[in-house]
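Please walk through this structure one part at a time, with the sequence and the model side by side.

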Amino acid sequence: MRGFVPTPERVVDAMVAKLLSNSAPPEGSLILDPGCGSGAFVQGLVRWSRRHRVAVPRIVGIESDPKHIPEAIRAAEGLSSISILNEDFLKPRKE
Ligand SMILES: C[S@@+](CC[C@H](N)C(=O)[O-])C[C@H]1O[C@@H](n2cnc3c(N)ncnc32)[C@H](O)[C@@H]1O
């Protein structure tokens with residue numbers, strides 16, 4: 001198989017459930033999604049938070065390919081706790 005293949009929703013949901021093991025991330029946590037693509041895991045974290053009736057945690061999704069950015073931004077649903085950056089996550093950042 002060639003090209004971009006986003007992680008299927010059911011796999012994302014299983015991985016997010018394993019990551020969070022049924023408790024919301026501690027307050028102040030920041031979840032990094034390096035190579036977020038079109039936002040499959042961003043969406044998965046939003047789904048998980050809604051299902052568990054907790055606030056969506058702070059998430060930073062970083063994606064180097066600009067063609068995935070609009071969909072990743074849509075996956076963030078305008079939530080202020082989520083940032084989508086069009087950057088190379090391997091490059092040192094200037095803060
Ligand atoms: C296999 S896809 C996975 C996308 C998404 N995480 C998912 O599970 O659906 C890997 C993504 O990582 C991005 N990527 C690869 N190297 C990167 C880098 N150094 N910085 C940012 N994004 C990168 C690619 O452009 C691609 O969209």
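Val60 has Ser83 as its bridge partner in S3. The model that shows this pairing is a predicted one. One place further along, Gly61 stands opposite Ile84 in S3. Both pairs belong to the contact between strand S2 (residues 58-62) and S3, which run in the parallel sense and are joined over four bridges.

These two strands are part of an open sheet of three strands, in the order S1-S2-S3, with parallel pairing. Strand S1 (30-34) and S3 are at the edges and have a single partner strand each, so one side of each has no neighbour in the sheet. On average, neighbouring strands of the sheet are turned by 15 degrees against each other, with direction ignored.

Now look at the two faces of S3. In a regular strand, side chains alternate between the two faces of the sheet. In S3 the covered face carries Ile82 and Ile84, while Ser83 and Leu85 are on the uncovered face. What does Ile84 touch, not counting residues up to four places away in sequence? Its contacts are Val42, Gly61, Ile69, Ala72, Ile73 and Ala76.

Ile82 and Ile84 also appear in the largest nonpolar core, which has 18 residues. They are among the residues with the most contacts inside this core, together with Val16, Val42, Leu45 and Ile59. Two or more residues of the core come from each of helix H1 (9-20), helix H2 (40-51), helix H3 (69-75) and strand S3 (82-85). H2 gives the largest share, five residues. As a general rule, nonpolar side chains in soluble globular proteins tend to be buried together.

The loops come next. Pro57 lies in the loop between H2 and S2. Is Pro57 buried or exposed? Its relative accessible area is 11%, and the cut-off for buried is under 20%, so Pro57 counts as buried. Leaving out residues up to four places away in sequence, Pro57 touches Pro25, Ile31, Ser49 and Ser81. Ala24 is 33 residues from Pro57 in sequence, yet the two C-alpha atoms are 8.1 Å apart in space.

Arg53 is in the loop between H2 and S2 as well. Arg53 is exposed, with a relative accessible area of 79%. Although Arg53 is not a glycine, it has a positive phi of about 50 degrees. Glu77, in the loop between H3 and S3, also has a positive phi of about 50 degrees without being a glycine. Glu77 is partly exposed, at a relative accessible area of 44%.

Ser38 is found in the loop between S1 and H2. Ser38 is buried, with a relative accessible area of 8%. Not counting residues up to four places away in sequence, Ser38 touches Phe4, Pro6, His68, Glu71, Ala72 and Ala75.

The last stop is the ligand. Which of the 17 residues around the ligand come nearest? They are Thr7, Gly35, Glu63, Asp88 and Phe89. Gly35 has a backbone N or O atom 2.8 Å from a nitrogen atom of the ligand. For Ser64, a backbone N or O atom lies 3.1 Å from a nitrogen atom of the ligand. Asp88 takes part through its side chain, where an N or O atom is 2.7 Å from a nitrogen atom of the ligand.

Note on methods:
Residues numbered from 1 in each chain as written. Predicted model: local features only at pLDDT ≥ 70, side-chain atom pairs only at ≥ 80, totals over all residues. Heavy atoms only, no water. Core = buried A, V, L, I, M, F, W, Y, C linked by side-chain atoms within 4.5 Å. Buried < 20%, exposed > 50% of the residue type's maximum accessible area, 1.4 Å probe, protein only. Contact = heavy atoms within 4.5 Å. Pairing = 2+ DSSP bridges. Axes fitted to C-alpha atoms, helices over the stretch in contact; angles between N-to-C directions. Near = heavy atom within 4 Å. Polar contact = N/O pair within 3.5 Å; in protein donor to acceptor, adjacent residues only side chain to side chain.
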